[in-house]
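Me: Could you walk me through the salt bridges in this one? I'd like to see the reasoning behind each answer.

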Amino acid sequence: MPDRRKHRGPHPEDARLFDPVVWPRLRESVADLCWLLGRGYTGKAALKLVGDRYDLVARQRTAVARCACSDAEAARRKGHQVSPETLADRVLWVDGYNALTTIEAALADGVILPGRDGTYRDLASMHGSYRKVSETVPALELLGKVLRGLKVSKTVWYLDRPVSNSGRLRGIMQQVATDHDWPWQIELVQDPDTLLADTDEIIATADSVVLDRCKAWFNLARETVERKVPKARVIAMVPEKRS
């Protein structure tokens, strides 16, 4: 089926699946999954155990997985995170789709997931194709305003060339940058993850695989949501640290 969405908003079942009454069960699920990951269980096996125990449906399982990580992973990621002040007069490399879809979802009242590592993630899925939605340009403008406020000297955006419509999105981004006189460079590349993981530049992403390898990263999506989308539907799924 073609993607005909006009918004990056919630799934029809999200009001029920992520109702506040369910949050305690989701928090316990995240806590158990973190515990299992820290003891060497594979992500797939651990998620099945947790999902079955707490009777989670597929979308809830995806959300739990996106919030969880082991103690070692959380420590590593937080240890390489930089503060907003660090970005002044610096170049920032951005995982384009990763940052953009989270802000689009936040603007459209989609579910926003605070990970145990401090990142904000969403439940949007592109399935190899990106479709511009009503929130696309407003999301880009919010990201640009935050980047300008952080005094970033230049933003290099990386978009996945294999994702359909990446070229069209690049044109939209270039127009937004021109309209606001923002120092943006938008690149279409085959594998953004490898570039972002291996660079010495500061990067912005919430991709766990990249965060586990990169040298320095900034929490751009969360910074933007907290500064510019205060009414975003942030689901409190991460429990307090437990022994």
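Me: What is the N to O distance in the salt bridge between Glu-223 and Arg-227?
Reply: Happy to help, and keep in mind that this is a predicted model. Both residues lie in helix 11, which covers residues 220-228, and they are 4 residues apart, about one turn of the helix. Their side chains meet in a salt bridge, with N to O at 2.9 Å.

Me: Is Glu-223 buried or exposed?
Reply: Buried means under 20% relative accessible area. Glu-223 has a relative accessibility of 16%, so Glu-223 counts as buried.

Me: And how does Arg-227 count?
Reply: Partly exposed covers the range between the 20% and 50% cut-offs. The relative accessible area of Arg-227 is 43%, so Arg-227 is partly exposed.

Me: Which residue forms a salt bridge with Asp-198?
Reply: The closest N and O atoms of this pair are 2.7 Å apart. Asp-198 lies in helix 9 (residues 192-198), and its partner sits in the loop between helix 10 (208-211) and strand 7 (217-218), so the pair ties together parts that are 15 residues apart in sequence. The partner is partly exposed, with a relative accessible area of 43%. That residue is Arg-213.

Me: Which residues are linked in a network of salt bridges with Arg-121?
Reply: One good starting point is Asp-117, whose salt bridge with Arg-121 has its closest N and O atoms 2.8 Å apart. Both of these residues are buried. The network links Arg-121 with Arg-77, Asp-117 and Asp-212.

Me: How many salt bridges does a search of the whole structure find?
Reply: The pairs above, including Glu-223 with Arg-227, are salt bridges. For the whole structure, the search finds 15.

Methods: Residues numbered from 1 in each chain as written. Predicted model: local features only at pLDDT ≥ 70, side-chain atom pairs only at ≥ 80, totals over all residues. Heavy atoms only, no water. Salt bridge = Lys/Arg side-chain N within 4 Å of Asp/Glu carboxyl O. Buried < 20%, exposed > 50% of the residue type's maximum accessible area, 1.4 Å probe, protein only. Helix = DSSP H or I, 4+ residues; strand = E, 2+ residues; numbered from the N terminus.
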